[in-house]
Amino acid sequence: QVQVVESGGGLVQPGESLRLSCAASGSIFAIDSMGWYRQAPGKRRELVASITSDGKFNYVDSVKGRFTISRGSVKNTLFLRMNSLKPEDTAVYFCNVDAMVDSGSNYVDYWGQGTQVTVSS
């Protein structure tokens, strides 16, 4: 199967930066897209940013110009650089990987356990 692990969350003050990391491992035949989602208390999980295998980016409007998603040089790694953080960015951030485990299977969404990001003065 596929394992997804996030890291890099923490407590920061408004205006500061954080960099989240994600690593996918296991029986991965191909990846269609990778992305970051977040879920704040009492709210639904929302897409923050994603990148497809052919390099197309997508960002939620609230983070455009502040967050940058990128694929790592190490295979199946993903990063989210978050600048100018705001209190409303506080949430648990999840890494999502849309992966195929062999040539005869379908793409399936795999999720990490999440990493807490708290922005507070």
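Start by selecting Arg 19 and Phe 79 in this predicted model. Arg 19 lies over the face of the Phe 79 ring, at 3.9 Å from the ring centre. Turn the view until you look at the ring from the side, and then pick a second pair with this arrangement: Arg 45 and Phe 94. Here Arg 45 sits over the ring face, and the distance to the ring centre is 3.7 Å.

**Next stop: charged partners**

Side chains of opposite charge can pair when their charged atoms come close. How many salt bridges does a search of the whole structure find? There are 4, and we will visit some of them now.

Select Arg 38 and Glu 46. They form a salt bridge, with 2.7 Å between the closest N and O atoms. Switch on the surface and compare the two partners: Arg 38 is buried, with a relative accessible area of 6%, while Glu 46 is partly exposed at 30%.

Keep Arg 38 on screen and add Asp 89. These two side chains also meet in a salt bridge, 3.0 Å from N to O. Now colour by secondary structure and trace the chain between them: Arg 38 belongs to strand 4 (residues 30–39), whereas Asp 89 is in the loop between strand 8 (77–82) and strand 9 (91–100). The pair links distant parts of the chain, 51 residues apart. Are these two residues buried or exposed? Both Arg 38 and Asp 89 are buried.

Asp 89 has another partner to show, so add Arg 66 to your selection. The salt bridge between Arg 66 and Asp 89 spans 2.8 Å from N to O. Arg 66 is found in the loop between strand 6 (57–59) and strand 7 (67–71), and 23 residues separate it from Asp 89. Arg 66 is buried, just like Asp 89.

Leave Arg 38, Glu 46, Arg 66 and Asp 89 displayed together: they are linked in a network of salt bridges.

**Last stop: two rings**

The structure holds 1 aromatic pair. To see it, select Tyr 37 and Trp 111, whose rings meet edge-to-face. Their centres are 4.9 Å apart, and the planes make an angle of 70°. Why does this pair tie together separate parts of the sequence? Tyr 37 lies in strand 4 and Trp 111 in strand 10 (residues 108–111), so the pair joins parts that are 74 residues apart. Finish with the surface view once more: Tyr 37 is partly exposed, at 23% relative accessibility, and Trp 111 is also partly exposed, at 33%.

Technical notes
Residues numbered from 1 in each chain as written. Predicted model: local features only at pLDDT ≥ 70, side-chain atom pairs only at ≥ 80, totals over all residues. Heavy atoms only, no water. Buried < 20%, exposed > 50% of the residue type's maximum accessible area, 1.4 Å probe, protein only. Helix = DSSP H or I, 4+ residues; strand = E, 2+ residues; numbered from the N terminus. Phe/Tyr/Trp six-rings, centres within 6.5 Å; stacked < 30°, edge-to-face > 60°. Lys NZ or Arg CZ within 6 Å of the ring centre and 35° of its normal.
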